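Grab a pencil and work through these exercises one at a time. Try each task yourself before you read the solution below it.

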Amino acid sequence: MKGKILLTLTLLLGASTTIWAVGNLGQANQKKHAYTNKDVWAAYEGFNNTLLDSNKYIYKTNSSYPSAVDRGNGAAAIWCQPIYWDMAMNAYKLAKAQKDGKKIRYYKTLCEKIFAGNKAQYCQFDFDDNNENTGWFIYDDIMWWTISLARGYELFGVDEYLKLSEASFKRVWYGSEKVGDTGSYDKENGGMFWQWQPIHHPKPNKFGDGKMACINFPTVVAALTLYNNVPDNRKESTDKRPDYQTKAQYLAKGKEIYEWGVENLLDKATGRIADSRHGNGNPAWKAHVYNQATFIGASILLYKATGEKRYLDNAILAADYIVKDMSAEHKVLPFEVGIEQGIYTAIFAEYMAWLVYDCGQTQYLSFLKRTIQTGWANRDKTRNVCGGEYHKKLPAGSEIDSYSASGIPALMLLFPPKK
């Protein structure tokens with residue numbers, strides 16, 4: 001059965017030969033336009049050539065900056081940098097799948113340089129440093145790094161990555177004795193608070209403070225990724241703020257936060273994920289692609305860990321909402337105008353790859369290919385850079401932010417013409 005699924009995926013991935021162009025009335029008209037393996041690498045290199053600071057190996061806010069100095073001076077947001085590191089890791093994985101020795105070595109080195117560059121930029125990953133320029137001052141900023149560091153350990157086996165991943169998980173869950181916050185986890189009412197306030201000399205979070213999807217579901221993803229990677233034979237720590245968790249503890253924490261999210265942030269009828277909830281107030285029913293995506297990822301990880309089909313059903317429900325509702329206007333992934341929102345597609349790509357490849361849900365391939373092909377066809381061909389509004393052409397040489405530009409290459413690395 002597994003062999004048949006893999007064969008089916010290979011045939012589907014290799015058969016992409018069309019693009020869907022949307023007319024004025026929103027009707028889809030078919031016209032030929034395939035993307036190739038060469039295009040995948042051109043898109044990723046175009047993204048890096050335009051937006052990676054090749055001296056510091058962190059990413060710039062947008063193409064108008066000559067370098068990524070710090071927050072507000074050319075450096076992309078601290079929470080988006082690990083998503084760009086994920087892209088480099090996916091490039092390395094694709095190179096390995098294609099058995100391209102030169103690219104394997106190149107992208108492995110790139111992964112190492114991006115990690116080192118971010119470590120140098122962001123306080124040596126001292127998660128207790130809450131300066132607002134190059135430090136850590138929102139819980140979800142830290143948890144996105146927890147996820148990518150755990151993935152880096154899973155891929156490369158570098159002990160430092162696992163150590164930092166667990167240190168950051170501890171920092172978010174329990175708070176910092178140095179900073180004085182009480183942690184993201186609400187032990188009284190469940191769920192994860194989004195921030196501590198004020199950033200310096202914080203007060204304890206209280207009932208009614210915001211619990212956003214962007215911290216709750218990434219916490220589940222982080223906990224389950226660590227569950228998959230920590231040693232089997234650990235003993236539980238007796239410390240009040242333990243430096244590590246056992247596999248069973250990470251799984252239990254992931255399950256608990258997931259269930260809080262399902263009860264408070266999921267529309268069970270449609271698959272829509274609310275952006276946040278404050279106390280017993282109504283959820284903020286504003287759907288965002290990245291919240292849908294991390295819910296999909298959290299669901300899949302729990303499905304794989306437990307075998308319980310309800311988790312997979314939830315992932316499919318949330319994915320269907322993106323495809324059928326959020327993407328209805330142009331038949332490709334939507335774009336949100338605003339600071340940093342362009343990164344949402346790159347986050348979505350990661351978790352949809354799990355849904356398609358690991359769970360055999362190939363029904364999404366045509367939509368994913370259509371988004372890729374539309375965005376790539378409308379790229380700035382002088383730089384091989386794509387915009388965030390995939391149905392619109394990006395003018396040659398125009399300013400482009402790294403968030404928006406990341407989407408199409410992130411998708412291409414995970415959904416190449418031939419896997």
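Before you start, one term: pLDDT is the predictor's confidence in each residue, on a scale from 0 to 100. You'll need it because this is a predicted model.

**Exercise 1. Confidence**

Task: Find out what pLDDT the protein averages, and where confidence is lowest and highest.

Solution:
- Step 1. Start with the whole protein: the average pLDDT is 93, and 92% of the residues score at least 70.
- Step 2. Now look for the extremes. Confidence is lowest in strand β1 (residues 18-22), with a mean of 32, and highest in helix α7 (residues 213-227), at 99.
- Step 3. Check the start of the chain. Residues 1-31 have a pLDDT below 50, yet in the model this stretch has 50 contacts beyond near neighbours in sequence.

**Exercise 2. Helix α6 and helix α7**

Task: Work out how α6 and α7 are oriented to each other, and which residues meet.

Solution:
- Step 1. Take the axes. Those of helix α6 (residues 159-174) and α7 come within 11 Å and cross at roughly 140°.
- Step 2. Classify the angle. Over 145 degrees would count as roughly antiparallel, and the crossing is at roughly 140°, so α6 and α7 are oblique to each other.
- Step 3. Add the handedness: α6 and α7 make a left-handed crossing.
- Step 4. List who touches whom. From α6 come L162, S165, E166, F169, V172 and W173, and they meet I215, T219, A222, A223 and L226 of α7.
- Step 5. Sort these by class: the contact of α6 with α7 has eight nonpolar residues, two polar ones and one charged one.

**Exercise 3. Helix α6 again, now with α8**

Task: Do the same for α6 and helix α8 (residues 247-265).

Solution:
- Step 1. The axes of α6 and α8 come within 14 Å, and they cross at roughly 45°.
- Step 2. Angles under 35 degrees would count as roughly parallel. With a crossing at roughly 45°, α6 and α8 are therefore oblique to each other.
- Step 3. The crossing of α6 past α8 is left-handed.
- Step 4. On the α6 side you'll find E166, F169, W173 and Y174, which meet Y250, K253 and I257 in α8.
- Step 5. By class, that contact of α6 with α8 splits into five nonpolar, no polar and two charged residues.

**Exercise 4. A residue in α6**

Task: Decide whether R171 is buried or exposed, and find its contacts.

Solution:
- Step 1. Locate R171: it sits in helix α6.
- Step 2. Use the cut-off. Buried means under 20% relative accessible area; R171 has 3%, so R171 is buried.
- Step 3. Skip neighbours within four places in sequence. R171 is then in contact with F127, D128, Y139, I142, S176, V179, D181 and W196.

**Exercise 5. Two residues in α12**

Task: Describe the surroundings of I372 and T371.

Solution:
- Step 1. I372 lies in helix α12 (residues 365-377), and T371 is found in α12 too.
- Step 2. I372 has a relative accessible area of 0%, so I372 is buried. T371 is buried as well, with 1%.
- Step 3. Leave out residues up to four places away in sequence. I372 touches Y35, I408, L411, M412 and F415, while T371 is in contact with V332, L333, Y390, I408 and L411.
- Step 4. Look along the chain: I372 and A34 are 338 residues apart, but their C-alpha atoms are separated by 9.7 Å.

**Exercise 6. Backbone details in loops**

Task: Say which peptide bond is cis at P198, and what phi F125 and K331 have.

Solution:
- Step 1. P198 is in the loop between α6 and β5 (210-212). The peptide bond from Q197 to P198 is cis, with omega near -10°.
- Step 2. F125 is in the loop between α4 (101-121) and α5 (139-156). F125 isn't a glycine, but its phi is positive, near 55°.
- Step 3. K331, in the loop between α10 and α11, isn't a glycine either, and its phi is positive at about 65°.
- Step 4. Finish with accessibility: F125 is buried at 4%, whereas K331 counts as partly exposed at 30%.

Notes
Residues numbered from 1 in each chain as written. Predicted model: local features only at pLDDT ≥ 70, side-chain atom pairs only at ≥ 80, totals over all residues. Heavy atoms only, no water. Helix = DSSP H or I, 4+ residues; strand = E, 2+ residues; numbered from the N terminus. Contact = heavy atoms within 4.5 Å. Axes fitted to C-alpha atoms, helices over the stretch in contact; angles between N-to-C directions. Parallel < 35°, antiparallel > 145°, perpendicular 65-115°, else oblique. Left-handed = near helix turned anticlockwise from the far one by under 90°. Nonpolar A, V, L, I, M, F, W, Y, C, P; charged D, E, K, R; others polar. Buried < 20%, exposed > 50% of the residue type's maximum accessible area, 1.4 Å probe, protein only.
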